[in-house]
Amino acid sequence: CTLFEPLNGPNTAHLILTHGFLRDQGIMSGLAQHYASWGLKGVTMNLLNSSIINNNPLQDAEDLNWISDEIGGGGPVIYVGHSAGGMRSVVAAAQDSESVAVLGLDLVDASDNGWGDIYLALENASSISIPIWGLMAELSSCNADGNGLDVYNAAEGGNAIRITESD
């Protein structure tokens, strides 16, 4: 994992930034650097259970909780995730009493449990009262035709912003 420390700024919530399926932490580095310039500490990490041969979002969510405790010492955390990392971020936030918000970037929600798809973010979104915000591109196969929109609709503090003409 890579820690992005702010040069100065208040000691506020830290960020856990999570990449999408079959990607790596490098895709979130620019965003982590940007947040650090605002004074927010953040961490990116490679998901260990996000591959074609080993896809275990629940274990990844536990790993995100663990790294949050390690870098934040149990303080407030914002989970930020792209695509399938957005789903993992919602699950991680539901398991973490210190979570204060989730930001999904083209959140995709579905995991194959061997018997068909299960919707982990949707199952967890309605059980948490923190804000769950998202940015969504135009519906396409890349974001599972917008199946993450249901997550924001189910969340008490859910709000998705559609970015028209983006892919």
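Two strands are said to pair when DSSP finds at least two bridges between them. With that in mind, a good place to enter this predicted model is strand E5, which is joined to strand E8 by four bridges, the two running parallel. Within this pairing, Leu 103 stands opposite Trp 133 in E8. E5 also has a partner in strand E4 (residues 77–82), and here six bridges join the two strands, again in a parallel arrangement. Leu 103 of E5 appears in this pairing too, where Val 80 stands opposite it. Six of the seven residues of E5 (residues 99–105) are buried, so this strand is largely enclosed by the rest of the structure.

The parallel pairing carries on from E8. Strand E8 (residues 131–136) and strand E9 (residues 157–162) pair in the parallel sense over six bridges, and Ile 132 stands opposite Gly 158 in E9. To get from E8 to E9, the chain passes through helix H5 (residues 149–154), and this β-α-β crossover is right-handed. A right-handed β-α-β unit is also made by E4, H3 and E5.

Helix H2 (57–72) comes after strand E3 (42–44) and the loop between them. H2 has 16 residues and reaches 22 Å from its first C-alpha to its last, close to the 22 Å expected at 1.5 Å a residue. An α-helix has 3.6 residues a turn, so residues three or four places apart point the same way. The buried residues of H2 are Pro 57, Asp 60, Ala 61, Asp 63, Leu 64, Asn 65, Ile 67, Ser 68 and Ile 71. Following the helix is Gly 73, with a positive phi near 60°.

One of those buried residues, Asp 60, has a charged partner. Side chains of opposite charge can pair when their charged atoms come close. Arg 88 forms a salt bridge with Asp 60, and the closest N and O atoms are 2.7 Å apart. Because Arg 88 lies in helix H3 (residues 84–95) and Asp 60 in helix H2, the pair ties together parts that are 28 residues apart in sequence. Both Arg 88 and Asp 60 are buried. The count of salt bridges in the model comes to one.

Two loop residues deserve a look for their backbone angles. Most residues other than glycine have a negative phi, and most peptide bonds are trans. Ser 83, in the loop between E4 and H3, has a positive phi near 55° and is not a glycine. Asp 106 likewise has a positive phi, of about 55°, without being a glycine; this residue lies in the loop between E5 and strand E6 (111–112). As buried means under 20% relative accessible area, Ser 83 counts as buried at 15% relative accessibility. Asp 106 counts as buried as well, at 15% relative accessibility.

The surface offers a contrasting view. Phe 21, Leu 22, Ile 52 and Ile 53 form a nonpolar patch there, with about 480 Å² of accessible area together. Among them, Ile 52 sits in the loop between strand E3 and helix H2. With a relative accessibility of 70%, Ile 52 counts as exposed.

How values were computed
Residues numbered from 1 in each chain as written. Predicted model: local features only at pLDDT ≥ 70, side-chain atom pairs only at ≥ 80, totals over all residues. Heavy atoms only, no water. Patch = residues over 30% accessible without salt bridge, like charges linked within 9 Å, V, L, I, M, F, W, Y side chains within 5 Å. Areas by Shrake-Rupley, 256 points an atom, 1.4 Å probe, with all protein chains shown as cover. Salt bridge = Lys/Arg side-chain N within 4 Å of Asp/Glu carboxyl O. Buried < 20%, exposed > 50% of the residue type's maximum accessible area, 1.4 Å probe, protein only. Right-handed = clockwise from strand over helix to strand, strands pointing away. Expected span 1.5 Å × (residues − 1).
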